[in-house]
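Subject: The structure you asked about

Hi,

Here is the model, ready for you to open next to your notes. Have a look first, then read on for what turned up.

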Amino acid sequence: MSDNQSWNSSGSEEDLDPREEPGHPAGIAEFSGVLSKWTNYIHGWQDRWVMLKNNTLSYYKSQDETEYGCRGSLCLSKAVITAHEFDECRLDISVNDSVWYLRAQDPEHRHQWIDSIELHRADSGYGSESSLRRHGSMLSLTSATSGYSATSTSSFKKGHSLREKLAEMETFRDILCRQVDTLQKYFDGCADAVSKDELQRDKIVEDDEDDFPNTRTDGEFLHNNNGSKEKLFQSLVPRGINGIDFKGEAITFKATTAGILATLSHCIDLMVKREDSWQKRLDKEMEKRRRIEDGYKSALNELKKKSHFGGPDYEEGPNSLINEDEFFDAVEAALDRQDKIEEQSQTEKTRIQRSSPVPPGDVYSSTGTHRFSDKPLSLSSPPHDVHRFSTEVEEMVRNHMTYSLQDVGGDANWQLVIEEGEMKVYRREVEENGIVLDPLKATHSVKGVTGHELCHYFWDTAYRNDWETTIENFNVVETLSDNAAIVYQTHKRVWPASQRDVLYLSAMRKILANNENDPDTWLVCNFSVDHDDAQVTSRCVRAKINIAMICQTLVSPPEGDKEISRDNILCKITYVANVNPGGWAPASVLRAVAKREYPKFLKRFTSYVQEKTADKPILF
């Protein structure tokens with residue numbers, strides 16, 4: 001027996017041809033459709049045409065662009081497909097450090113995509129035991145079932161002692177076989193000779209029965225008629241058979257069997273030691289593998305935090321992977337970046353304005369100087385202000401004039417959070433279903449501008465981008481009247497918060513004076529409405545607002561016959577905001593952002609109006 005014949009137990013199935021396996025599929029049909037793909041934290045989810053073909057997942061901007069080439073593709077051979085734990089429509093596909101976040105239109109379509117992807121992976125030769133055979137890697141299966149790696153012929157290349165003992169076993173076997181053959185031939189010959197001797201003795205006895213010779217006293221010999229001496233019983237040694245040394249053969253046989261037993265014992269000892277050695281090596285390899293797996297998991301977690309720190313799993317929500325402190329730091333850092341960019345933009349605008357003449361045609365350019373005494377005591381809404389939302393606007397204006405101007409003391413539970421000069425900001429903490437709905441109220445006094453001017457610049461969308469820095473884009477969905485319009489606007493994304501949009505009706509109104517001592521009052525109210533031309537989309541979270549800016553103009557009499565100048569004007573501003581963010585975010589973050597941004601907004605807006613109206617006639 002040779003070493004190869006005795007110890008080749010590698011169990012390798014690398015030579016198996018996958019085409020010869022029964023049930024191996026010939027091919028899987030391609031699968032395609034529309035899926036929402038996470039692009040980045042600015043644009044969020046976008047619809048893409050996704051195609052699954054030949055174990056490759058590709059995506060296009062639309063179905064019409066498939067002939068121009070894909071925008072990206074993934075080989076599914078080593079991809080990991082994960083159905084999201086909370087989002088029933090979402091599936092994540094990752095290959096190394098590349099991750100695609102996809103969303104189907106419903107759970108059923110997600111299930112269809114996952115099934116199709118698994119079919120393609122199985123067809124390509126991955127993901128099953130048979131596929132492992134096709135790729136020559138049965139080691140993991142053998143190790144999983146037995147706990148030991150499969151042994152190959154190379155496993156004993158260094159085992160010279162064991163090899164020598166095996167050779168000795170071969171020699172002892174040959175010697176033992178020859179001894180057994182010799183003894184067997186001898187015993188067979190002896191048996192034949194004994195049979196022949198018995199027949200011959202019986203024949204002699206029958207022939208000499210009547211004339212039996214006299215026996216000697218020793219009984220060993222007898223004499224025939226011729227007086228010759230013969231042995232009565234011939235020797236049992238058969239003719240033609242050489243005698244053997246039984247004692248020598250027995251000693252040799254005993255030595256051979258003892259050698260075999262000793263060699264077997266030695267082999268067993270060597271194999272036990274080898275088994276112990278391999279077990280130690282296995283334990284070391286398993287410990288090494290455990291450390292590597294732990295390191296891999298740790299590195300993977302760090303990689304997710306770094307390279308995918310902007311994926312949908314880190315968006316706002318109760319299941320966000322980012323904790324509240326990290327959320328707060330990320331929002332604060334994003335706001336700081338926006339402030340820096342806005343500061344640079346304003347500096348550039350100022351430089352351009354100083355170097356360029358002021359363009360004609362301003363809204364106030366043709367307006368003459370007004371006297372305070374010419375101001376009417378009451379105005380009624382013009383007929384063209386009537387529209388289908390007129391009732392809602394009137395009710396909203398009435399509520400704001402009733403409640404928004406009330407004092408912050410008493411049982412209202414307003415808390416003063418900021419006080420900077422003339423400006424004071426109050427907050428009342430309100431939460432509903434875990435969402436922060438804190439109403440905010442700010443009071444401020446601004447010199448040199450009227451309430452009409454402030455409300456005009458706050459309402460008119462032509463100036464919106466000049467002072468509002470949080471808006472990404474906006475458009476007027478419908479103009480209801482000269483002083484009312486429905487506006488849709490999207491706000492800049494502040495990661496990790498989701499992007500917000502808002503659809504609201506904005507109306508500017510002069511408040512009727514009850515008596516001649518009442519201050520000149522203007523109001524702008526913005527409140528959320530619905531419109532068929534601005535439906536809710538998955539790209540943004542729709543926020544709900546109810547905001548009012550109430551401006552009261554106070555004029556001090558000028559000296560003598562002097563005309564009223566801007567030095568005689570003081571405007572008291574009351575700004576009230578009720579905002580429902582439309583989604584979950586940490587309460588501490590929302591309150592901190594509101595506390596930070598509202599004062600900046602009021603300062604920025606009032607400074608803009610003061611600068612805009614400084615050299616213009618007064619508009620009451």
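Before the details, one cut-off: I call a residue buried under 20% relative accessible area, exposed over 50%, and partly exposed in between. By that yardstick E429, at 42% relative accessibility, counts as partly exposed. Please keep in mind that this is a predicted model.

Salt bridges

E429 is a good place to start, as its side chain meets that of R427 in a salt bridge, at 3.8 Å from N to O. The partner sits on the other side of the cut-off: R427 has 12% relative accessibility and so counts as buried. As a general reminder, side chains of opposite charge can pair when their charged atoms come close.

How many salt bridges does a search of the whole structure find? The count is 22. Another of them links R596 to E597, with the closest N and O atoms 3.1 Å apart. R596 is partly exposed at 22% relative accessibility, while E597 is buried, with a relative accessible area of 17%. There is also a network: E287, R290, R291 and D294 are joined into one by salt bridges that share partners.

One more pair worth a look is R289 and E293, whose side chains meet at 3.1 Å, N to O. Both belong to helix α6 (residues 246–307), and because they are 4 residues apart there, about one helical turn separates them. R289 is exposed, with a relative accessible area of 57%, and E293 is partly exposed at 36%.

Helix α8

Next, helix α8, which covers residues 390–404. Its 15 residues should span 21 Å at 1.5 Å a residue, and the C-alpha atoms at its ends are 20 Å apart, so the two figures agree.

Which residues of α8 are buried? They are S390, V393, M396, V397, H400 and S404. Looking down the helix axis, you will see these buried residues fall within an arc of 130°, which means they line one face of α8. T391, R398 and Y403 lie on the other side of the helix and are exposed.

What do the buried residues of α8 pack against? The answer is a set of strands: β14 (440–447), β17 (500–510), β18 (520–528), β20 (544–555) and β21 (569–580).

Strands and sheets

Closer to the start of the numbering, 7 strands make an open sheet with antiparallel pairing, in the order β4-β3-β2-β1-β7-β6-β5. β4 (72–75) and β5 (80–83) are the edge strands, each pairing on one side only. On average, neighbouring strands of this sheet are turned by 35° against each other, direction ignored.

Inside that sheet, β1 (residues 31–38) and β2 (residues 45–53) run antiparallel and are joined by 8 bridges. If you want a spot to zoom in on, G33 stands opposite V50 in β2.

There is another antiparallel pair in β15 (residues 471–481) and β16 (residues 484–491), again over 8 bridges. A hairpin through 2 residues connects β15 to β16, and S481 stands opposite A484 in β16.

Shout if you'd like to go through any of this together.

Cheers

Note on methods. Residues are numbered from 1 along each chain as its sequence is written. This is a predicted model: local features need pLDDT of at least 70, side-chain atom pairs count only at pLDDT 80 or more; totals for chains, interfaces and linings use all residues. Side-chain values use heavy atoms; hydrogens and water are left out. The expected span of a helix is 1.5 Å times one less than its number of residues. Buried means under 20% relative accessible area, exposed over 50%, partly exposed in between (1.4 Å probe, protein chains only). The arc is that of the directions from the helix axis to the C-beta atoms. Contact means heavy atoms within 4.5 Å. A salt bridge is a side-chain nitrogen of Lys or Arg within 4 Å of a carboxyl oxygen of Asp or Glu. Two strands pair if DSSP finds at least two bridges between them. Axes are lines fitted to C-alpha atoms, for helices over the stretch in contact, and angles run from 0 to 180 degrees between N-to-C directions.
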